[in-house]
Amino acid sequence: MASIAVCPGSFDPVTFGHLDIIRRGAKIFDQVYVCVLNNSSKQPLFTVEERCELLKEVTKEIDNVYVESFQGLLIHYAKNKQANVILRGLRAVSDFEYEMQGTSMNKVLDENIETFFMMTNNQYSFLSSSIVKEVAKYNGSVVELVPEVVEAALQHKFSKK
Ligand code: PNS
């Protein structure tokens, strides 16, 4: 049986931390579906289409990674894809409570889909899309935090505001 993982997130925008998890996941699972979903507690800067375009650009060299978006529950998307795994990155203890709640909820919704956590590389343990947006908004350099195409998209977005 093929191992199919869904790597879900807001990806607003994708960072080197996300990319690290996606790359490592693609070495373990046969197929990785990176899915842009709505997080109801966040107000996104980029549209879903923009986030998908950036993700597609930065993952284009990884053959078994596919980028999509979905409106609705992650577990329904995972089921549609016949995925057996949800793949999430874990940075620090502060992520744990939120992840535990989501994972437990997803397990109630579908007990056959397992959530796997991968520790984010130490180099990126402080990194989040929110901190990247904050730095970029006030003209700080984000070259070490996001791919070039994302840096350009951030500059464009904030220059228009
Ligand atoms: O990058 P994020 O914001 O931490 O990702 C969170 C996300 C988008 C994966 C989560 O909010 C989600 O799964 N949203 C879809 C709606 C859903 O399935 N909610 C129930 C499980 S939390």
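**Exercise 1. Find which atom of the ligand lies 2.7 Å from an N or O atom in the side chain of Lys 42, then look for further polar contacts.**

Solution. Start at Lys 42: an N or O atom of its side chain is 2.7 Å from an oxygen atom of the ligand. This is a polar contact, meaning a pair of N or O atoms within 3.5 Å. Next, go to Arg 88, where a polar side-chain atom lies 3.0 Å from a ligand oxygen. Finally, take Tyr 98, whose side chain has an N or O atom 3.4 Å from an oxygen of the ligand. The ligand has 530 Å² of accessible area on its own, and the protein covers 81% of that (Shrake-Rupley method, 1.4 Å probe).

A word on the model before we go on: it is predicted, so local features need pLDDT of at least 70 and side-chain atom pairs count only at pLDDT 80 or more, while totals for chains, interfaces and linings use all residues. Residues are numbered from 1 along each chain as its sequence is written, and side-chain values use heavy atoms, with hydrogens and water left out.

**Exercise 2. Describe the shell around the ligand: which residues come nearest, and which helix gives the most?**

Solution. First, the residues: there are 14 around the ligand (a heavy atom within 4 Å), and Ser 10, Asn 39, Lys 42, Leu 74 and Arg 88 come nearest. Second, their character: 5 are nonpolar, 7 polar and 2 charged (Asp, Glu, Lys and Arg count as charged; Ala, Val, Leu, Ile, Met, Phe, Trp, Tyr, Cys and Pro as nonpolar; the others, Gly among them, as polar). Third, the elements, which are DSSP runs numbered from the N terminus (helices H or I, at least four residues; strands E, at least two). Helix 4 gives the most to the shell, with 3 residues.

**Exercise 3. Examine the loop between strand 1 and helix 1: which residue of helix 2 does Asp 12 pair with, and what is the backbone like at Phe 11?**

Solution. Begin with the pairing: Asp 12 forms a salt bridge with Arg 51, their closest N and O atoms being 3.9 Å apart (a side-chain nitrogen of Lys or Arg within 4 Å of a carboxyl oxygen of Asp or Glu). Arg 51 belongs to helix 2 (residues 48-58) and Asp 12 to the loop between strand 1 and helix 1 (16-28), so the pair ties together parts 39 residues apart in sequence. Now follow the backbone. Phe 11, in this loop, has a positive phi of about 50° although it is not a glycine. Asp 12 and Pro 13 are joined by a cis peptide bond, with omega about 0°. Most residues other than glycine have a negative phi, and most peptide bonds are trans.

Methods:
Polar contact = N/O pair within 3.5 Å; in protein donor to acceptor, adjacent residues only side chain to side chain.
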